[in-house]
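Here are some short exercises to work through with the model open beside you. Each task is followed by a solution in steps.

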Amino acid sequence: MKNLSFPGLPRVLVVDDEDGVREGLRALLQKEGVHVEVAGSAEEGVRRLDQRAYDVVFLDLHLPGADGLSMLSQFRRGTAPADVVVLTGYGTVANTVEAMRKGAADVIEKPFAGDRILAVVRRCLEMRQLRNELAWLQDRVRELTATELVGLSPAIREVQTRIDQVAQAPDTTVLVTGQSGAGKELVARCIHERSARRSGPFVAINCAALTEALLEAELFGYEPGAFTGAVREGKDGLFAVAAGGTLFLDEIGEMETTLQAKLLRVLQERSFRRVGGVQDVAADVRIVASTNRDLRQMVQTGGFREDLYYRLAVMTVNVPSLCERAADIPLLSHFFLDQIGRQMGKALSGFTEEAMETLCEYRWPGNVRELRNAIEHACIVCPSGMIDESHLPKFTGGELDGSDRIDRGGLVLPGEDRSLKALESQLVAKVLDDTKWNISRAAAILGINRTTLYNKIRLYEIGKRPERPTVTA
């Protein structure tokens with residue numbers, strides 16, 4: 001066992017009423033560098049298992065006052081249960097099958113050879129090590145998936161290319177721009193995860209959420225007694241906490257100009273001073289800042305320091321709005337459905353055609369964040385199966401402008417059938433054509449909801465909408 005890269009010292013529990021078996025196994029395994037504890041009864045074994053965790057348990061099948069098979073589940077408790085190896089002096093096929101069915105890792109018949117015991121323990125520890133590594137990898141995949149930009153549109157591919165470029169320079173300051181909800185923090189996390197600083201911390205702070213004094217204390221930390229209310233021991237700031245990693249300054253455009261000057265000094269000197277301090281502290285962090293405002297315009301009006309702007313905008317990544325990457329809506333929708341459905345433990349298989357059309361035609365002023373919220377709403381409302389249009393939040397068709405007016409000259413009364421039904425059929429078809437079959441816009445113009453419009457399309461057998469371009473992986 002000595003060459004196994006197992007976390008900590010492997011721990012084995014032997015539960016057997018025979019002194020010779022207990023002490024023989026203890027001596028054999030301790031020579032291999034395994035920590036061994038023993039118990040003479042099932043009750044004592046369970047008590048030890050309640051006190052600490054074990055990797056392998058040797059459990060005698062016939063214990064005084066207890067049947068090993070009936071007690072087996074007691075030794076398999078916990079989130080990482082021990083591998084139980086059953087020992088028996090009366091080996092039968094029935095006993096072996098029943099023990100394995102109840103979760104035993106192996107069944108060994110007495111008397112046993114030392115090599116057999118060592119081989120079983122080694123196999124159990126190796127499998128346990130593989131399970132630990134698999135769990136770590138699964139956690140890592142989930143972590144990386146959470147920091148991956150989902151999408152195949154040209155707009156998002158350009159962002160991904162920019163991220164890869166920036167990641168090659170782990171000390172370069174980056175400015176991420178884009179509308180609220182477009183995914184600026186996700187882009188910042190991607191930059192961190194793909195850079196050489198990925199093993200360091202990623203620390204984020206919203207510059208708009210704190211007053212100037214509090215933000216300064218949070219960023220730089222403070223010395224004991226630096227101001228009224230300061231804790232006696234002082235406090236490290238986020239520049240110190242993020243050492244070796246990335247500090248994400250969200251909504252940098254909301255930072256007061258006096259604090260902007262102090263941030264500029266950090267970027268220039270690569271050091272900072274705690275509030276109330278006199279010594280410089282090295283700042284080993286990459287700064288990634290974000291804003292939904294036009295910093296160039298703010299520079300012209302005096303709302304943002306010009307020198308700080310050029311220090312921040314060494315590399316700029318502009319995150320497109322969801323309208324600019326509308327081709328990614330189906331992919332994003334299914335990604336969020338899978339993610340949220342698993343979290344809720346619901347078996348949700350996809351979207352109906354009407355639901356997906358609704359998602360694709362809505363303008364999403366809140367961008368990706370609003371889309372995710374809409375999918376979460378649908379997952380809560382939908383019991384199982386496919387997400388339908390009725391499960392989605394109530395969308396509006398958007399405000400109407402002059403471009404949505406219908407040309408009355410384009411409507412011609414039918415020669416033979418002048419019924420309201422015939423006229424309505426022609427009106428619905430005309431509006432659909434003029435809006436290029438944007439169901440939300442057409443419904444808004446007609447003054448009806450989407451469901452009613454779909455019913456009229458079926459009732460009047462109006463031709464199918466033009467094919468929507470799709471994105472395929």
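Buried means under 20% relative accessible area, exposed over 50%, and partly exposed in between (1.4 Å probe, protein chains only). The model is predicted, so local features need pLDDT of at least 70 and side-chain atom pairs pLDDT 80 or more, while totals for chains, interfaces and linings use all residues. Residues are numbered from 1 along each chain as its sequence is written, and side-chain values use heavy atoms, without hydrogens and water.

**Exercise 1.** Decide whether Q160 is buried or exposed.

*Solution.* Start by finding Q160 in helix α6, residues 154-167; helices here are DSSP runs (H or I, at least four residues) and strands are too (E, at least two), numbered from the N terminus. Next, take its relative accessibility: because this is 19%, Q160 counts as buried. Finally, look for its contacts (heavy atoms within 4.5 Å): leaving out residues up to four places away in sequence, Q160 touches L149, G151 and R194.

**Exercise 2.** Work out how the axes of α8 and α10 are oriented.

*Solution.* First, fit lines to C-alpha atoms over the stretch in contact, with angles from 0 to 180 degrees between N-to-C directions. The two axes come within 10 Å and cross at roughly 15 degrees. Therefore α8 is roughly parallel to α10, given that angles under 35 degrees count as roughly parallel, over 145 as roughly antiparallel, 65 to 115 as roughly perpendicular and the rest as oblique. Now list the residues: α8 contributes E212, L215, E216, L219 and F220, and α10 contributes T258, L259, K262, L263 and V266.
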